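User: I am new to this structure and would like a close look at a single part of it, namely the side chains and how they pair and pack. Please take me through that part in one connected answer.

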Amino acid sequence: KDLQEGKITLPLLSLLQRCSQDEFTKIEKIIRLHDFTPENLDYILKLMYHYDVIEYSFDKARGYVETAKKSLMLFKDSTPLQALFAVADYVVDREL
């Protein structure tokens with residue numbers, strides 16, 4: 001959905017860094033022309049899994065969440081703080 005909306009995300013950036021020149025050219029053309037057919041989106045998603053950029057992106061997000069949670073540890077433990085931790089964990093652990 002992000003791609004269809006013109007959003008450039010970490011998985012896409014990572015894919016563009018890792019893919020072959022031919023794949024890069026095809027992805028660039030799809031984006032430039034807004035040619036987001038189901039086939040083209042499937043092509044990009046398959047490449048993202050092939051180059052392991054989905055898991056890489058989730059690992060980065062989990063790292064940021066852990067850093068943020070550690071920064072919040074200076075606050076007294078409370079229900080709102082635990083709720084914030086739960087939401088942060090949910091965001092990075094939910095299924096695609």
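Analyst: What follows goes from the nonpolar core to the charged side chains and ends with two loop residues. The model is a predicted one, and the values below are computed from it.

A general point helps at the start: in soluble globular proteins, nonpolar side chains tend to be buried together. Here the largest nonpolar core has 14 residues, and those with the most contacts inside it are Leu15, Ile27, Ile44, Met48 and Tyr51. The elements that each give two or more residues to this core are helix H1 (10–18), helix H2 (21–32), helix H3 (38–50) and H4. To see one of these core residues in its surroundings, take Ile27, which touches Leu12, Leu15, Leu16, Cys19, Tyr43, Ile44 and Leu47 once residues up to four places away in sequence are left out of the count.

Tyr43, one of the residues touched by Ile27, also takes part in another kind of arrangement, for the charged end of Lys26 sits over the ring of Tyr43 at 4.1 Å from its centre. A second case of this kind involves Arg18, whose charged end sits over the ring of Tyr56, 4.7 Å from the centre of that ring. Pairs of aromatic rings, on the other hand, do not appear, since a search of the whole structure finds 0 of them.

The charged side chains also meet one another, and in general side chains of opposite charge can pair when their charged atoms come close. A search of the whole structure finds 7 salt bridges, and Arg62 is a good place to look at them in detail. Arg62 forms a salt bridge with Glu55, where the closest N and O atoms are 3.2 Å apart, and the side chain of Arg62 also meets that of Asp59 in a salt bridge with an N to O distance of 3.0 Å. Arg62 and Asp59 both lie in helix H4 (residues 53–72), where they are 3 residues apart, about one turn of the helix. As for the surroundings of these side chains, Arg62 counts as partly exposed because its relative accessibility is 28%, while Glu55 is partly exposed with a relative accessible area of 36% and Asp59 is partly exposed with one of 42%.

Another salt bridge joins the side chains of Asp89 and Lys69, at 2.9 Å from N to O. This pair links distant parts of the chain, with Asp89 in helix H5 (residues 79–93) and Lys69 in helix H4, 20 residues apart. The two partners fall into separate classes of accessibility: Asp89 is partly exposed at a relative accessible area of 24%, whereas Lys69, at 15%, is buried. Elsewhere, salt bridges that share partners join Asp2, Glu5 and Lys7 into one network.

Finally, two residues deserve a look for their backbone angles. His34, which is not a glycine, has a positive phi, near 55°, and its place is in the loop between H2 and H3; with a relative accessible area of 55%, His34 is exposed. Asp52 likewise has a positive phi, of about 60°, although it is not a glycine, and Asp52 is placed in the loop between H3 and H4. At 44% relative accessibility, Asp52 counts as partly exposed.

Conventions: Residues are numbered from 1 along each chain as its sequence is written. This is a predicted model: local features need pLDDT of at least 70, side-chain atom pairs count only at pLDDT 80 or more; totals for chains, interfaces and linings use all residues. Side-chain values use heavy atoms; hydrogens and water are left out. Rings of Phe, Tyr and Trp (its six-membered ring) pair if their centres lie within 6.5 Å; planes under 30 degrees apart count as stacked, over 60 as edge-to-face and the rest as tilted. A charge sits over a ring if NZ of Lys or CZ of Arg is within 6 Å of the ring centre and within 35 degrees of the ring normal. A salt bridge is a side-chain nitrogen of Lys or Arg within 4 Å of a carboxyl oxygen of Asp or Glu. Buried means under 20% relative accessible area, exposed over 50%, partly exposed in between (1.4 Å probe, protein chains only). Helices (H or I, at least four residues) and strands (E, at least two) are DSSP runs, numbered from the N terminus. A nonpolar core is a set of buried Ala, Val, Leu, Ile, Met, Phe, Trp, Tyr and Cys residues joined through side-chain atoms within 4.5 Å. Contact means heavy atoms within 4.5 Å.
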